[in-house]
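Student: Could you take me through the surroundings of the ligand in this structure, with a close look at the contacts there and at the parts of the chain that they lead to? I would like one connected account rather than a list.

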Amino acid sequence: MHYIAETRSNIPHDLVSVSDYAEHAKQHIGHDIYEYIAGGGADQLTLRRNRQALDNIQLLPKMLKDCTQGSSALHFMGESLRHPIILAPVAFQKLVHPQGEIATAQAASSLETTMVVSNLASHKLEDIAQNLDSGKWFQLYFQESREFTLSLVKRAEAAGYTKLMVTVDTSLHGIRNRAQRAGFVLPEGVEAINLRDRPPLPRKTLSKQQSIVFQGMMTEAPTWEDIAWLQQNSSLDIIIKGIMHPADALKAKQIGVAGIVVSNHGGRALDSIPSAIELLPKIRKSLGPDYPIIVDGAIERGTDIYKAIALGANTVMVGRPQLYALAVAGALGVAHMLRVLREELEVTMAMMGTPTIGDITQDTIYRGEHR
Ligand code: FNR
């Protein structure tokens, strides 16, 4: 077990909430890297909406409840989670700290947190797995070659990962104007090391009538058939990340996908779509109470996690904060950030009079009237 000394002495004293890390991170990383991480798609309408939608939800507490047997632990998809907070797949972590994903894995282990390792990690997936004593999940982007895609899956299986999270909302990169304006390019020494042996893409010559988007980039994008193919070729549970439309959510369930992440990729993919939290109640209703649903986007307070669970999520994922915390204080920073989140969640649960995750139901949300 990796132990990270939980001393606050190495953390700046004014760093007390998750969003404080974003401010502090600016002093530790270049402007271009900060813009790449913080930025959303195009005009950032979705990015802003992610935060706004959470802020607009109010809670309605109940008093005088005995909370002394409370816990934020839960069972989820056959695994025991110490808390409903998962580290979202986030690429190229060496961008902000030389130890990158290895440090994040050590922090996840010390806080008993499931980490979803990105397909675009800057360390080998096997090395990250060796440093991860808590939940190990692997995020997959479909590659042009099915053979190469399968080789990644088999490596993940052999390294002990238990779930495959297949991201489907960014076959195209999206319009990342903020990163472009800041002149962001991947610096030397940071690469998607797990894709090193990827076969070169076949050269395509497009005619004048053809589109670089449809006949170019989209030829690599997966379809529902690819998901079915993956189900046949992997023993791991498959979770689809990036579902927003209730009809897609239902289809995932119907074809036997193990779970979904309702997500707009932290507002980095298509701009002008709603936040996941807004769609969540409808999706939960149509999938029924038992289907595994994860949600992400702007989760940075214990109350955010609480709201997501109340509206139908089983767990949440946290993206950008892990990079900011890594930039500020390495593994210790990520561990501290996770601890702040967990403690804030537990404080919220206690103050709401709902001492277990199962107690957090839709009627804890204030609807603007007494019921
Ligand atoms: C991401 N995200 C992401 N998702 C994924 O499936 N694979 C990946 O490699 C990455 N990489 C990545 C890099 C950076 C810099 C960011 C900010 C995000 C998306 C991520 O998993 C998650 O959906 C969002 O980050 C959640 O929103 P918040 O918590 O960042 O607001």
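Tutor: Happy to! One cut-off first: a residue counts as buried when its relative accessible area is under 20%, as exposed when that area is over 50%, and as partly exposed in between. H265 has a relative accessibility of 14%, so it counts as buried. Please keep in mind that you are looking at a predicted model.

H265 is a good place to start, as its side chain takes part in the ligand's surroundings. An N or O atom of that side chain is 3.4 Å from a nitrogen atom of the ligand. The residue sits in the loop between β8 (259-262) and α11 (276-287). Its backbone deserves a glance too: phi of H265 is near 65 degrees, a positive value, and the residue is not a glycine. For context, most residues other than glycine have a negative phi.

Now to the ligand's oxygen atoms. One contact comes from a side chain: a polar atom of S118 lies 2.7 Å from an oxygen atom of the ligand. Another comes from the backbone, where a polar atom of A298 is 2.8 Å from an oxygen atom of the ligand. As for cover, the ligand has 600 Å² of accessible area on its own, and the protein covers 97% of it.

Stepping back to the whole shell, 22 residues surround the ligand. The closest are P89, S118, T167, D296 and A298, so two of the contact residues just described, S118 and A298, appear in that list. By character, the shell divides into 10 nonpolar, 8 polar and 4 charged residues. Two helices, α2 (31-38) and α13 (320-352), each supply at least two residues of this shell.

Helix α2 takes us on to an aromatic pair. A search of the whole structure finds 5 such pairs. In one of them, Y36 and F184 are stacked, with 4.2 Å from centre to centre and 5 degrees between the planes. Y36 lies in helix α2, whereas F184 belongs to the loop between α7 (177-181) and α8 (212-216); at 148 residues apart, they link distant parts of the chain. Both residues are buried.

From the rings we can turn to charged side chains, again over the whole structure, which holds 14 salt bridges. R51, D55, E300 and D304 are linked in a network of them. Within that network, the side chains of D55 and R51 meet at 2.7 Å, N to O. Both lie in helix α3 (residues 45-55), 4 residues apart, or about one turn of the helix. D55 has 38% relative accessibility, so it counts as partly exposed. R51 also meets the side chain of D304 in a salt bridge, here at 3.0 Å, N to O. This second pair links distant parts of the chain, from R51 in helix α3 to D304 in helix α12 (residues 302-310), 253 residues apart. With a relative accessible area of 1%, D304 is buried.

For a further salt bridge within a helix, look at K154 and E157, whose closest N and O atoms are 3.2 Å apart. These two residues lie in helix α6 (residues 146-158), 3 residues apart, about one turn of the helix. K154 counts as partly exposed because its relative accessibility is 38%.

A few loops complete the tour. H83 is found in the loop between β2 (79-81) and β3 (85-87), and its side chain is joined to that of T113 by a polar contact of 2.9 Å. At 1% relative accessibility, H83 counts as buried. S171, in the loop between β6 (163-167) and α7, is partly exposed at 36% relative accessibility. In sequence S171 is 51 residues from P222, yet their C-alpha atoms are 7.8 Å apart in space.

Finally, the backbone of L64 recalls where we began. L64 has a positive phi of about 65 degrees although it is not a glycine. Its place is in the loop between α3 and β1 (74-76). Its relative accessible area is 90%, so L64 is exposed, whereas H265, at 14%, counts as buried.

Methods:
Residues are numbered from 1 along each chain as its sequence is written. This is a predicted model: local features need pLDDT of at least 70, side-chain atom pairs count only at pLDDT 80 or more; totals for chains, interfaces and linings use all residues. Side-chain values use heavy atoms; hydrogens and water are left out. A residue is near a molecule or strand if one of its heavy atoms lies within 4 Å of it. A polar contact is a pair of N or O atoms within 3.5 Å; within protein, one must be able to donate a hydrogen and the other to accept it, and residues adjacent in sequence count only if both atoms are side-chain atoms. Accessible areas come from the Shrake-Rupley method with a 1.4 Å probe; for residues, only the protein chains shown count as cover. Ala, Val, Leu, Ile, Met, Phe, Trp, Tyr, Cys and Pro count as nonpolar, Asp, Glu, Lys and Arg as charged, and the others, Gly among them, as polar. A salt bridge is a side-chain nitrogen of Lys or Arg within 4 Å of a carboxyl oxygen of Asp or Glu. Buried means under 20% relative accessible area, exposed over 50%, partly exposed in between (1.4 Å probe, protein chains only). Rings of Phe, Tyr and Trp (its six-membered ring) pair if their centres lie within 6.5 Å; planes under 30 degrees apart count as stacked, over 60 as edge-to-face and the rest as tilted.
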